[in-house]
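Trainee: I keep reading descriptive labels and wondering what backs them up. Could we go through a few?

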Amino acid sequence: MDKLKKMNKTTKSNFITYAMVIVAYIIMQVLVSAGVVSSLMTGLLVPLCIYVMMAVSLNLTVGILGELSLGHAGFMCVGAFSSAVFSVATVDTITSVPLRFFIAIVIGAVAAAVFGVILGIPVLRLRGDYLAIVTLAFGEIVKNFINVVYLGMDGKGFHFSMKDTGSLNLGEGGKVIINGAQGITGTPKNATFTIGIVIILITLFIVLNLIHSRAGRAIMAIRDNRIAAESVGINITKYKLMAFTISASIAGVGGVLYAHNLSTLTALPKNFGYNMSIMILVFVVLGGIGNIRGSIISAVILTLLPELLRGLNDYRMLIYAIVLIVMMLFNWSPRAREFREKYSIKRFLNRKSIEKEEA
Amino acid sequence: MMALLEVTNLGISFGGLRAVDSFQIQIKKGQLYGLIGPNGAGKTTIFNMLTGVYKPTDGKIVLEGKDITGHKTIEINHEGIARTFQNIRLFKELTVLDNVKVGLSEQFKYSALTGILRLPKYYKVEKAMTERAIELLKVFDLDGEKDYLASNLPYGKQRKLEIARALATNPKLLLLDEPAAGMNPNETKELMDTIRFVRDEFDMTILLIEHDMKLVSGICEELTVLNFGQVLAQGETSKVLNDPQVITAYLGE
Amino acid sequence: MSFISYLINGISLGSIYALIALGYTMVYGIAKMLNFAHGDIIMIGGYTIFVVMNTLGMPPILGVLVAVVVCTILGVTIEKIAYKPLRQASPLAVLITAIGVSYLLQNVALLIFGANTKLFTSVVSIPAISLADGQINLSGETTVTIVVSVVIMVGLMLFIRKSKTGQAMLAVSEDKGAAELMGINVNATIAVTFAIGSALAAIAGALLCSAYPTLTPYTGAMPGIKAFVAAVFGGIGSIPGAFIGGILLGVIENLSKAYISSQMADAIVFAVLIVVLLVKPTGILGKKISEKV
């Protein structure tokens with residue numbers, strides 16, 4: 001975030017962020033149509049959009065709200081499965097693809113938001129560490145739960161079981177939608193790079209406008225000093241819940257894109273587990289906590305880099321771990337701070353100008 | 001005339017420790033009132049009870065005829081009490097201007113959705129809010145630093161910003177917890193003028209905790225002296241400061 | 001009588017959670033941080049024993065001793081390198097660092113030992129006990145786990161009450177600043193806390209891997225998180241609370257596995273956490289921590 005944010009400065013900064021996304025999109029489109037992009041790369045475009053959204057979403061929680069969520073993969077999972085169930089169930093009845101996909105996105109967003117509220121109400125009153133652990137637990141519960149769920153549909157409506165497909169008692173022409181650990185198959189592949197980019201732009205519009213509004217200031221005030229925020233009449237629970245729910249909801253939409261980019265959707269530790277939540281956290285930390293544009297850039301770089309440098313793949317998670325530790329030590333340890341104070345030109349200039357004002 | 005703030009028999013215990021006992025005070029509208037006493041006498045604890053940070057064990061706090069005892073901090077702020085903190089509590093990563101605008105939040109309202117969608121009301125209210133915030137910053141001579149991060153302000157200015165932020169909530173009663181702490185004599189003198197100006201200009205009632213005797217005797221009309229959680233003396237400033245009991249207990253042998 | 005068997009096995013599993021929870025709760029009480037990597041210390045302890053016993057062919061007791069030493073050194077080193085520089089940092093930064101450390105330990109183990117499950121040889125060699133005409137069977141691991149946990153628990157309580165270091169730990173957990181003024185070496189006290197917590201984690205690792213004899217780089221993660229739930233359940237910062245919370249959680253988990261659904265047992269355990277936080281955030285024996293204004 002720009003430290004000195006005049007009104008026009010924020011507008012400018014937001015504009016740069018939007019422009020960056022659009023330019024990246026145009027360049028990618030040109031490269032793809034010129035045929036210079038490998039199929040591996042084109043296959044990465046939608047996941048890239050998903051990671052960017054997840055990073056922006058988590059940064060809203062970590063950077064703006066100042067709380068840590070380790071269950072963002074869980075919200076993503078909720079969004080993915082709720083929307084995929086809808087799409088598979090209505091693939092024959094709603095024939096307009098844009099309409100169906102639009103409704104699927106809304107369903108994913110709302111479902112994740114509902115879970116955000118359910119988790120947020122008990123936990124956001126407490127010290128930050130609890131949110132981390134509860135969201136982590138939540139992610140695991142969701143993943144475990146999905147793996148034992150069987151859901152089918154026939155003429156009479158939905159059938160639900162936690163045993164097997166047989167006990168669904170489906171009637172004539174019924175179909176299984178969620179098949180336990182095998183997940184959902186046959187989700188229409190509606191997610192495209194263009195839709196991904198449009199959704200990213202909408203997400204940015206929501207997040208950036210929220211930050212630079214009355215509600216966003218209240219949220220950041222709570223982050224900076226809860227007691228002072230209360231003392232000036234800010235409703236802590238309301239604003240914390242607002243930020244957390246919006247964040248969960250964006251993660252849910254990320255899940256919708258994920259589900260509609262694959263023909264088979266399963267809840268594995270790999271896609272919706274703890275590792276995914278950590279990876280997104282690494283994007284946020286490396287891009288700068290609270291820096292939305294930074295999250296986008298680091299999500300893109302960290303997704304592409306291991307793909308470009310295949311040999312790095314074994315060490316990828318090790319590197320992530322080191323990134324987390326080193327970034328925090330670099331930002332916070334007194335010795336690193338001293339070092340940066342000494343060699344930072346920006347600080348130097350800033351201090352000069354304050355001294356001048358005082359004189 | 002009815003007092004703006006009327007506190008009777010206020011007390012609080014932490015575990016077995018009686019931190020404040022049968023504290024009472026009456027503050028009239030427009031008054032500049034001082035609360036003094038040695039360290040650990042319970043002054044900040046009283047502020048914390050008045051603002052709902054602590055729930056009093058017993059007693060009653062009445063603001064303009066309304067009982068606000070045990071209410072939550074945000075409710076009390078909405079009722080009309082705002083405060084500053086002994087250990088400065090600014091929104092460090094926000095700009096000076098935004099710190100004040102957070103204080104203005106409850107008077108200049110628009111919904112979160114209006115903000116996200118950037119509806120015309122957003123621009124209208126934000127403009128009015130910024131104007132009001134700058135007016136307030138001017139009172140404290142902070143308008144030149146409005147785009148600085150609060151944490152980059154020098155100490156004295158941070159204290160002033162806290163007062164500006166508290167005033168922004170449009171309170172009836174302003175509580176200042178050691179506003180002159182860490183200021184040099186010049187800054188303190190300037191602060192005294194500012195406090196007087198705030199009282200006159202905003203028609204404000206002010207209760208302040210302070211150790212700087214020059215400031216206290218210079219601007220406070222009435223004083224309450226606290227010692228070991230109990231009221232030692234109460235009344236007109238000059239009388240209280242000449243009370244032999246006060247002199248031994250507080251001003252030293 | 002199978003209910004009693006489930007119950008006793010639950011208590012045994014709960015004792016392991018309790019041992020891990022002790023480490024969490026002590027560190028939380030004294031350093032005011034959630035040491036996310038605590039669970040992974042268990043895993044390191046498990047691998048250490050595995051190497052000593054299976055690779056080097058040494059006796060189990062030596063394995064446990066080496067694991068205690070390795071984990072203690074590791075715990076103190078982590079504290080010194082990763083957490084100590086962050087004493088003044090925001091809680092968020094400390095938490096992220098701890099997660100980084102946890103992730104680092106898992107992935108180092110992954111690189112060294114691979115993702116394949118290692119079959120752990122039990123360190124316990126006493127025979128199973130059969131009670132009530134063979135209706136209740138207690139494995140040697142179960143008995144040893146319960147006994148060891150109770151002994152450690154009592155020992156730890158005595159240590160904190162009677163020893164000078166224990167008193168210093170209490171003082172630091174009350175008020176770091178005041179403790180420092182009283183001449184207590186706060187940094188050393190925090191280091192000792194990490195050392196004790198990590199040593200307990202090593203023992204918990206030995207017991208856990210003996211009772212559930214599979215070892216992967218992620219072995220410690222789940223029990224670690226559950227032990228944290230136990231610590232919150234019992235009241236974070238409270239040593240008897242960690243013990244009670246651990247036992248209760250183990251019993252809840254085992255009974256859910258037996259009577260509800262084995263796949264949903266974890267979900268039920270976490271649901272307990274959410275309910276506790278809703279109803280009594282301070283836990284069974286916890287006290288309210290309020291911020292100074």
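Mentor: Sure, here are some labels and the values behind them. This is a predicted model, where local features need pLDDT of at least 70, side-chain atom pairs count only at pLDDT 80 or more, and totals for chains, interfaces and linings use all residues. Residues are numbered from 1 along each chain as its sequence is written, while chains are lettered from A and ligands numbered from 1 in the order in which they are written.

Trainee: What makes chain A as compact as a globular protein of its length?

Mentor: Chain A has 15 helices and five strands, which are DSSP runs numbered from the N terminus (helices H or I, at least four residues; strands E, at least two). Its radius of gyration, over C-alpha atoms, is 22 Å, close to the 21 Å from the globule rule for 359 residues (2.2 Å times the number of residues to the power 0.38), so the label fits.

Trainee: Why is helix H3 of chain A called largely enclosed?

Mentor: Because 17 of its 19 residues are buried, meaning 20 or more other C-beta atoms, placed from the backbone, lie within 10 Å of a residue's own (exposed is 12 or fewer, partly exposed in between). Across chain A, buried residues make up 49% of the 359.

Trainee: How do you know that the span of H3(A) agrees with its length?

Mentor: The expected span is 1.5 Å times one less than the number of residues. For residues 72-90 that gives 27 Å, and the end C-alpha atoms are 27 Å apart, so they agree.

Trainee: How many residues of chain B are in contact with chain A?

Mentor: 36, against 29 residues of chain A, with contact meaning C-beta atoms, placed from the backbone, within 7 Å.

Note on methods. Contact = placed C-beta atoms within 7 Å.
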